[in-house]
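Here are a few short exercises to help you find your way around a new model. Try each one yourself before you read the solution.

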Amino acid sequence: FLESASKIIPDGMVLIQPQHKLIFGRTRANEHTRTDWKKTTVQPFLIDTSPVTNKAFALFVKETKFVSEAEKFQWSFVFEMFVTKEIKKKIKDSVKGAEWWLPVEGAYWGAPSGPGSSYKTKLEHPVVHMSYNDAYAYCEHRGARLATEEEWEFAVRGGMRDQLYPWGNAYERRRMNIWEGKFPKENTAKDGYIGVAPVTAFKPQNEFGLYDMVGNVWEWTSNIFGVDRQTKMPQYTLRGGSYIDSIAGQFNHQADVTTRMGNTADAGSDNIGFRCAKDISAKEIAQLQATKSEL
């Protein structure tokens with residue numbers, strides 16, 4: 001069975017078979033940040049158990065000679081806490097209203113904090129500084145794709161319909177990597193981490209065996225979020241929040257199963273990553289069921 005299943009379900013992915021319609025968004029029981037919701041359903045699909053790691057992305061680059069958009073732009077946004085004093089001296093600009101994001105020359109997935117840093121010390125961390133275009137290219141190379149936003153929310157909820165977190169309604173500190181302390185200068189690291197953590201730093205967040213769905217890094221989905229007011233370019237939807245988000249949303253975003261935002265396809269920073277999804281046919285599901293029943 002394992003050998004047969006591995007041909008249909010690639011290593012590192014799980015099969016999600018929705019058994020009910022999803023109330024997409026918040027219900028009245030917990031509507032304090034989002035009130036938009038709708039009922040929807042999706043077909044069975046496969047999804048990565050964790051965000052794509054530096055190790056996996058480095059192999060992709062080695063095989064394809066892929067150049068990320070941050071490399072093409074020759075800079076990317078890095079959270080100020082992880083920028084060295086030497087580099088800070090050279091920076092004259094920051095994001096208005098979000099001065100903790102600094103444009104660092106030479107920052108990209110392979111040097112996540114800029115010159116002098118390296119992904120090689122963080123092989124099991126999620127790859128960051130990923131644009132939508134970077135994520136799309138990687139998943140396509142694997143014969144996969146980005147999840148739709150609806151698929152992503154089915155996956156994060158772990159089979160449940162109405163809860164704040166992937167595991168239930170009660171917050172549990174050692175389940176996700178978010179900001180704890182006075183933002184943006186103090187992170188108490190009570191969850192064990194200050195910045196990005198390894199993808200399996202905590203146990204799976206739900207019954208589907210999925211890691212890091214909420215917190216750590218934002219994840220691209222394939223849905224259009226809206227249009228950027230300044231550039232008029234389409235924005236794609238990111239889900240899950242990151243290490244700079246919080247429990248109640250007193251700063252940045254509230255980290256829970258409905259957390260979402262939009263950004264343009266070329267955007268990236270040190271808290272944006274992704275995971276891949278993949279279609280599975282009714283015939284393949286039948287093969288899995290038949291093989292399992294023979295055991």
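**Exercise 1.** Find the residue that follows α6 and work out the sign of its phi.

*Solution.* Start at the end of the helix: in this predicted model, α6 is followed by G158. Now check the backbone angle: the phi of G158 is positive, near 60°.

**Exercise 2.** Go back into helix α6 and decide how many of its residues are buried.

*Solution.* First, mark out the helix, which covers residues 149-157. Next, apply the cut-off: a residue counts as buried when its relative accessible area is under 20%. Going along α6, E149, E150, E151, W152 and E153 are among the residues that pass, and F154, A155, V156 and R157 are also on the buried list. That makes nine of nine, so with this cut-off the helix is mostly covered.

**Exercise 3.** Describe the largest pocket: its volume and its lining.

*Solution.* Begin with the volume, about 640 Å³. Then look at the 28 lining residues, where F77, V95, W101, N263 and S269 are the closest to the centre. For the elements involved, α3 (69-73), β5 (75-79) and β10 (260-264) each give the lining at least two residues. Finally, sort the lining by class: 13 nonpolar, ten polar and five charged residues.

**Exercise 4.** Do the same job for the second largest pocket.

*Solution.* This pocket's volume is about 300 Å³. Its lining has 15 residues, and those closest to the centre are D11, G12, D48, Y138 and R142. By class, the lining splits into seven nonpolar, four polar and four charged residues.

How values were computed: Residues numbered from 1 in each chain as written. Predicted model: local features only at pLDDT ≥ 70, side-chain atom pairs only at ≥ 80, totals over all residues. Heavy atoms only, no water. Buried < 20%, exposed > 50% of the residue type's maximum accessible area, 1.4 Å probe, protein only. Helix = DSSP H or I, 4+ residues; strand = E, 2+ residues; numbered from the N terminus. 1 Å grid on protein atoms, 1.4 Å probe; cavity = no way out; pocket = protein on both sides within 12 Å on 5 of 7 lines; lining within 4 Å. Points joined across faces, edges and corners; volume = space filled by probe spheres on them. Nonpolar A, V, L, I, M, F, W, Y, C, P; charged D, E, K, R; others polar.
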